[in-house]
Amino acid sequence: MNIQLQKASIKKQSSIKITGSKSESNRLLLLQALYPEIKIENVSNSDDSQLMTKALASTEKIIDIHHAGTAMRFLTAYFATKNNRETIITGSKRMKERPIKILVDALNQLGADISYKENEGFPPLLIQGKQLTKYKVALDANVSSQYISALLLIASRLKNGLELTLKGTITSVPYINMTLSLLSQLNIKTQFEGNIIVVKPLQEQVKAKTLTVESDWSSASYFYSIVALANVGTSISISSYKKDSLQGDSALALIYKSFGVATTFKKNTVLMEKIAEVELSTSIDFDLANAPDIAQTISVTAFALGLESNLTGLHTLKIKETDRLEALKTEIIKLGGEVKITNESLHLKKSNKIKENVVIATYNDHRMAMAFAPLALKIPLEIEDYTVVSKSYPTFWDDLKQLGFKIKK
């Protein structure tokens, strides 16, 4: 089903509450399964986190996580440690095309028993759960930090802990640090020096405690884009956020200065305000290796403002819900833009016109739908399969209406 966005202006001042971070929620949900003494507040209401919760509570042999890539990686590690339990973990057609061999090889080196049900290197997986006694393993670190986090999350429950050697350039370091920070909040001892991460086994019981999930910075990106495309003086406040966030996408506050958007932190609220128009000679150039999920939003913002943009560090986008680089290129070209991509970069040329009433394909990717939605401040457009946003942000369209967007299903 498609959704039509009419060209609209938005309220001068608005306030939105965004649900908990999907990344942080899924990590804590797995840790809660290992340590039931933990209580979690402000858990993400995303499809992915609901699928994670359901899978962790399930006693069924077959676990279907649909499109949830984070859940696939984290649960593969989790079920590998469930002694005497046999599990088949599967997902959508796209999930069966997303590689997982690096993680499976690492777990099998630690003593796990994981095999492939269909194609070598890809889900679905047959997992014979057992106690893992080996503790040293090496892993290619330049593909997805989620492989690394999957191992770190189970490490304290391994008999001898974990010593993980990372090979190559390390991708998305903030997400690794997020995992380590959450472990430290449970008094699990960790060390990250150079290319080696050590997690000690936890000997004593975790003390009962409540952990509150910070709201999702990836979701905040769409409101940064909206403010950037709005008139000077427009502001949106979002909550609940921390100035010293663990999330890599909190780089938005710095990045969107280039688009004339100022960020102010007040207690647990972020106020973003359009304070200046951007010179057309501006080039938006960033290395997003530590925050690849906001590349789509930044690209669309730059295109809408007629700016040149050069984004690098995007190699992980090839294995997301879709090949996001190809998808971005296709949809921006449909709108009249000129884009070149490599395996790890996107280069957008200046353009001074945007085609109206274009139908944006979403490729089963929530971020494609949400990244292109702010364009309605410039042109009318249509977005395919609009319900795909529920993967990470189920109330997205309602929140846009609250701002003043005119939306018709």
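**Close-up 1. Arg 324 and Asp 293, a buried pair.** In this predicted model, Arg 324 is buried, and Asp 293 is buried too. The two residues form a salt bridge. Their closest N and O atoms are 3.1 Å apart. Arg 324 belongs to helix H10, residues 324-334. Asp 293 sits in the loop between strand E16 (283-287) and helix H9 (295-304). The pair therefore ties together parts that are 31 residues apart in sequence.

**Close-up 2. Lys 22 and Asp 48, a salt bridge between two helices.** The side chains of Lys 22 and Asp 48 meet at 3.4 Å, N to O. Lys 22 lies in helix H1 (residues 22-34), Asp 48 in helix H2 (residues 47-57), so the contact ties together parts that are 26 residues apart in sequence. Both residues are buried.

**Close-up 3. Asp 48 and Lys 391, a salt bridge between a helix and a loop.** Here the closest N and O atoms are 2.5 Å apart. Asp 48 lies in helix H2. Lys 391 lies in the loop between strand E21 (381-383) and helix H12 (396-403). The pair thus ties together parts that are 343 residues apart in sequence. Asp 48 has 2% relative accessibility and counts as buried, because buried means under 20% relative accessible area. Lys 391 is buried as well, with a relative accessible area of 6%.

**Close-up 4. Lys 22, Asp 48 and Lys 391 as one network.** Salt bridges with shared partners join these residues. Asp 48 pairs with Lys 22 and with Lys 391. The structure holds 14 salt bridges, among them the Arg 324 and Asp 293 pair.

How values were computed. Residues numbered from 1 in each chain as written. Predicted model: local features only at pLDDT ≥ 70, side-chain atom pairs only at ≥ 80, totals over all residues. Heavy atoms only, no water. Salt bridge = Lys/Arg side-chain N within 4 Å of Asp/Glu carboxyl O. Helix = DSSP H or I, 4+ residues; strand = E, 2+ residues; numbered from the N terminus. Buried < 20%, exposed > 50% of the residue type's maximum accessible area, 1.4 Å probe, protein only.
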